[in-house]
Amino acid sequence: MRNTLPVLTVLLAVVAIWYVAAIGMNSTWVRDQAARSETVLGMGEFVRQTLSLDRPVLPAPHQVAAGLWDGVFGQKITSKRSLVWHGWITLSATLAGFAIGSLAGIGLAVGIVHDRAMNQSVMPWAVASQTVPILAIAPMVIVVFASAGITGLLPKAIIAAWLSFFPVLVGMVKGLRTADAMQLDLMRSWNASRSQVFWRLRLPSSMPYLFASLKVAVAAALVGTIVGELPAGASAGLGARLLSGSYYGQTVQIWAALFVAAALAAGLVFLIGWIERLALRRMGLAR
Amino acid sequence: MTAYVITADQIDLTFQTADGPVHALKGVDLTINQGDFVSFIGPSGCGKTTLLRAIAALEAPTAGRLSVNGMDPDAARRARAYGYVFQAPGLYPWRTIAGNVGLPLEIMGFAKADRAARIARVLDLVDLAGFGGKYPWQLSGGMQQRASIARALAFDADILLMDEPFGALDEIVRDRLNEALLELWRKTGKTIGFVTHSIPEAVYLSTKIVVMSPRPGRITKVIDSPLPTQRPLDIRDTPEFIALAHEVREGLREGHSYD
Ligand SMILES: Nc1ncnc2c1ncn2[C@@H]1O[C@H](COP(=O)(O)OP(=O)(O)O)[C@@H](O)[C@H]1O
Ligand SMILES: [Mg+2]
């Protein structure tokens, strides 16, 4: 555990800076309140008040921690106030979107690698799809699906897939082309068919690229899902929690939801990293 | 009865590159008999690899006629006429040695029981019996290259094409592998095309030595070896061997005086 000390140092520094910032950013309001009630605050009392406001501009770390604790452990997990419930809503749409996006990315990459016409035609569209701001697309997707009577998980999963197919596409196009000329010549000398070359050589050789791109894709899927939960009307999920928090100035709620989202993303990326290590080691591809 | 397995009749092979055409082969005539062990020797860039690849239908001559087993090379390739061994073993790290040797058999649709029998037989032939369950990284470079030879032998092609197969190995390992390769050739009676740039290696192994020279790549001399087929390693100290090596060296030098 030689890493513990530096990690702890950085963490402490972040918390310290956060406290200083909270005092600074909340001070105006506390000072205005004191002026209005014509009281004079001592230094200690002033700091205490900046760190315990109901609706602070920037909540202090311990306030966020308390909000998180209450949201995660203080509620029945079926309650609409439970972060576990909201987290699950977001996670399920993220996983569905990630699955759709990854499969689409892999499928398109297979097409691009095997077909000249697709090679020339698909990539520009894929790039264009990512240059359109997701914030502009998300409401349209939600509205179109809602008009067809479809709400809930699927429209959000589509938005998540929109963001997550791209890294997988780019990674797999590279990965499926990574087999070297000698390996391909060997296959040719055995008169192997294209599908045999694909399943026995191209696909296994692409695994390191697949896993690297899946890590990016899963984080993108989470972002997509949360954005999909922002358009008015959504009442469930971490995105909705962020939005309602900002409506009512519940900054603690916003920050608590943000932390849950970050933890989810970290957990998902870690999980894929773990599967990656196992798979690549078994395949003899680990470096 | 002498059957020509490979015949080349005035073949040219020109690569079109950004810097203009490269004449990798020019006016190459060659006949290889059934059961010959033919070495291609010459300085690098003289077209040895290109000639071997043309025989394997991995490159197409731009002029002339090339025939393998009485067919055009691409038909021969599709009929799985040859096994090819590259300088690097090219084993899949995710397959065991047996899995790697069995790969061409899977691709060619051999039945499972037949595959197992063939894998066992060729691993035995290259002295790797008992290593089938190991992964490539568990084997030395020389053993990996033997496994790649076993892979080329597994489907019973009667031609074996090898492009500097032992080029990346040290001299001691190389000697052993050369001895083993000769033994294998005697046992199986295959026709072998072998690219090298080592004179002793070419002389030790071959029944026919093809000397090549560059710019444009061409054959300058074909020497039929007078050495017996039984060749212990110490044959390299006999006067016959030394005379033959001298002849090859002279051939290489003549090729060079052209430019
Ligand atoms: N794919 C290719 N494209 C262009 N030039 C090539 C290609 N392959 C080989 N050459 C050229 O052809 C010549 C013969 O190459 P090669 O057959 O590899 O020689 P050797 O194996 O004897 O060293 C060299 O000048 C080389 O640069
Ligand atoms: Mg070469």
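**Notebook: salt bridges, a sheet and the annotated spans**

I began with the charged side chains and found A:Arg188, B:Asp74, B:Arg77 and B:Arg78 linked in a network of salt bridges, a salt bridge being a side-chain nitrogen of Lys or Arg within 4 Å of a carboxyl oxygen of Asp or Glu. I note that this is a predicted model, in which local features need pLDDT of at least 70 and side-chain atom pairs count only at pLDDT 80 or more, while totals for chains, interfaces and linings use all residues. For bookkeeping, residues are numbered from 1 along each chain as its sequence is written, chains are lettered from A and ligands numbered from 1 in the order in which they are written, and side-chain values use heavy atoms, with hydrogens and water left out.

**Salt bridges**

I looked up the total, and by this rule it comes to 19 salt bridges over all chains.

Within the network I checked B:Arg77 and B:Asp74, whose closest N and O atoms are 3.0 Å apart. Both residues lie in helix α2 (residues 73-78) of chain B, 3 residues apart, about one turn of the helix; helices here are DSSP runs of H or I with at least four residues, strands are runs of E with at least two, and both are numbered from the N terminus. B:Arg77 has a relative accessible area of 7% and is therefore buried, whereas B:Asp74, at 23%, is partly exposed. The terms mean under 20% relative accessible area for buried, over 50% for exposed and partly exposed in between, with a 1.4 Å probe and protein chains only.

I then turned to B:Arg95 and B:Glu106, whose side chains meet in a salt bridge at 3.0 Å, N to O. B:Arg95 sits in the loop between β5 (82-85) and α3 (97-107) of chain B and B:Glu106 in helix α3 of chain B, so the pair ties together parts that are 11 residues apart in sequence. B:Arg95 counts as buried because its relative accessibility is 15%, while B:Glu106, with a relative accessible area of 22%, is partly exposed.

A further salt bridge that I noted joins the side chains of B:Asp12 and B:Lys26 at 3.7 Å, N to O. This pair links distant parts of the chain, with B:Asp12 in strand β1 of chain B and B:Lys26 in strand β2 of chain B, 14 residues apart. At 18% relative accessibility B:Asp12 counts as buried, and at 40% B:Lys26 counts as partly exposed.

**The sheet in chain B**

Following B:Asp12 into its strand, I found an open sheet of 3 strands in the order β2-β1-β4 (chain B), with antiparallel pairing. Strands β2 and β4 of chain B stand at the edges, each with a single partner strand, so one side of each is left without a neighbour in the sheet. The twist averages 25 degrees from one strand to the next, taken from axes that are lines fitted to C-alpha atoms (for helices over the stretch in contact), with angles running from 0 to 180 degrees between N-to-C directions.

I traced the pairing strand by strand, where two strands pair if DSSP finds at least two bridges between them. Strand β1 (residues 4-17) of chain B is joined to the antiparallel strand β2 (residues 20-33) of chain B by 10 bridges, and the hairpin from β1(B) to β2(B) passes through 2 residues. Among the partners in β2(B), B:Thr7 has B:Thr31, B:Ile11 has B:Val28, and B:Phe15 stands opposite B:Val22. With strand β4 (residues 63-68) of chain B, β1(B) shares 5 bridges and again runs antiparallel; in β4(B), B:Ala63 is the bridge partner of B:Asp12.

**Annotated spans**

I compared the model with UniProt, whose positions are given in the numbering used here, with feature names shortened, and whose annotations may be inferred rather than shown by experiment. The unreviewed entry places "domain: ABC transporter" at residues 8-235 of chain B, a span that is 34% helix and 28% strand and whose end C-alpha atoms lie 32 Å apart.

For chain A, the unreviewed UniProt entry places "transmembrane region" at residues 88-113, 125-147, 153-173, 209-232 and 252-275. I looked at two of these spans: residues 153-173 of chain A are 100% helix and 0% strand, with end C-alpha atoms 29 Å apart, and residues 252-275 of chain A are 100% helix and 0% strand, with end C-alpha atoms 35 Å apart.
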